[in-house]
Amino acid sequence: MESGYLEVWLLFPKSSWVLVITQGATVLLKPGEGARTQVVWPGFSVAVDELMA
């Protein structure tokens, strides 16, 4: 966040987790859940399972 990024997504293939980090929140998403942007691209969403496919 110090570099000026508004949102960072970290994907963990072994556990199939997605960590979404913003200035105001950190959200851990697991298989079966939907990931959506918090700040950068309003309205964009994708299933965690699809990201890991």
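**Exercise 1. Find which residues Thr-22 touches beyond its sequence neighbours, and decide whether Thr-22 is buried or exposed.**

Solution.
- Start with the contacts: setting aside residues up to four places away in sequence, Thr-22 touches Met-1, Leu-6, Glu-7, Gln-38 and Val-39.
- A word on the source before going further: this is a predicted model.
- Next, place the residue: Thr-22 belongs to strand E2.
- Now the accessibility: the relative accessible area of Thr-22 is 9%. The cut-off for buried is under 20%, so Thr-22 counts as buried.

**Exercise 2. Work out the strand order of the open sheet, and say which strands stand at its edges and why one side of each lacks a neighbour.**

Solution.
- The open sheet has three strands in the order E1-E2-E3, and their pairing is antiparallel.
- Strands E1 and E3 (26-29) are the edges; each has a single partner strand, so one side of each is left without a neighbour in the sheet.
- From one strand to the next, the twist averages 15°.
- Count the bridges for each pair: E1 and E2 are joined in the antiparallel sense over six bridges, while E2 (residues 17-22) and E3 pair over four bridges, again antiparallel.
- As general background, strands of a sheet pair through backbone hydrogen bonds, either parallel or antiparallel.

**Exercise 3. Trace the register of the sheet: which residues stand opposite Val-8 and Trp-9 in E2, and which residue of E3 stands opposite Ile-21?**

Solution.
- Begin with Val-8, which stands opposite Ile-21 of E2.
- Move on to Trp-9, whose bridge partner in E2 is Val-20.
- Then step across to E3, where Thr-26 stands opposite Ile-21.
- Put the two Ile-21 pairings together: Ile-21 has Val-8 opposite it and also Thr-26 of E3.

**Exercise 4. Describe the two hairpins, and find what is notable about phi of Ser-16.**

Solution.
- The hairpin of E1 and E2 has four residues between the strands.
- Ser-16 sits in that loop between E1 and E2. Its phi is near 60°, a positive value in a residue other than glycine.
- The other hairpin joins E2 to E3 through three residues.

**Exercise 5. Glu-7 carries a charged side chain: is Glu-7 buried or exposed, how far away is the nearest side chain of opposite charge, and what polar partners does Glu-7 have?**

Solution.
- Locate the residue: Glu-7 is part of strand E1 (residues 7-12).
- Check burial and charge: Glu-7 is buried and has no salt bridge. The nearest side chain of opposite charge is that of Arg-36, 9.2 Å away; a salt bridge would need a distance within 4 Å.
- Look for polar partners: the side chains of Glu-7 and Trp-9 make a polar contact at 2.8 Å. In addition, a polar atom of the Glu-7 side chain lies 2.6 Å from the backbone nitrogen of Val-39.
- Finish with the surroundings: leaving aside neighbours within four places in sequence, Glu-7 is in contact with Met-1, Val-20, Ile-21, Thr-22, Thr-37, Gln-38, Val-39 and Val-40. Thr-22, the residue of the opening exercise, in turn lists Glu-7 among its contacts.

**Exercise 6. Classify Trp-17, Leu-11 and Gly-32 by accessibility, and set out how far each lies from a residue elsewhere in the sequence.**

Solution.
- Trp-17, found in strand E2, has a relative accessible area of 36% and is partly exposed. Trp-17 and Leu-28 are 11 residues apart in sequence, with 6.9 Å between their C-alpha atoms. Beyond four places in sequence, the contacts of Trp-17 include Leu-11, Leu-28, Pro-31 and Met-52.
- Leu-11 lies in strand E1 and is also partly exposed, at 39%. Its C-alpha is 11 Å from that of Ile-21, which is 10 residues away in sequence. Not counting residues up to four places away, Leu-11 touches Trp-17, Val-18, Leu-51 and Met-52.
- Gly-32 is in the loop between E3 and strand E4 (34-36). At 64% relative accessibility, Gly-32 is exposed, because the cut-off for exposed is over 50%. Gly-32 and Pro-42 are 10 residues apart in sequence and 21 Å apart from C-alpha to C-alpha.

Definitions and conventions. Residues numbered from 1 in each chain as written. Predicted model: local features only at pLDDT ≥ 70, side-chain atom pairs only at ≥ 80, totals over all residues. Heavy atoms only, no water. Buried < 20%, exposed > 50% of the residue type's maximum accessible area, 1.4 Å probe, protein only. Lys, Arg positive; Asp, Glu negative; His and termini not counted. Polar contact = N/O pair within 3.5 Å; in protein donor to acceptor, adjacent residues only side chain to side chain. Contact = heavy atoms within 4.5 Å. Pairing = 2+ DSSP bridges. Axes fitted to C-alpha atoms, helices over the stretch in contact; angles between N-to-C directions.
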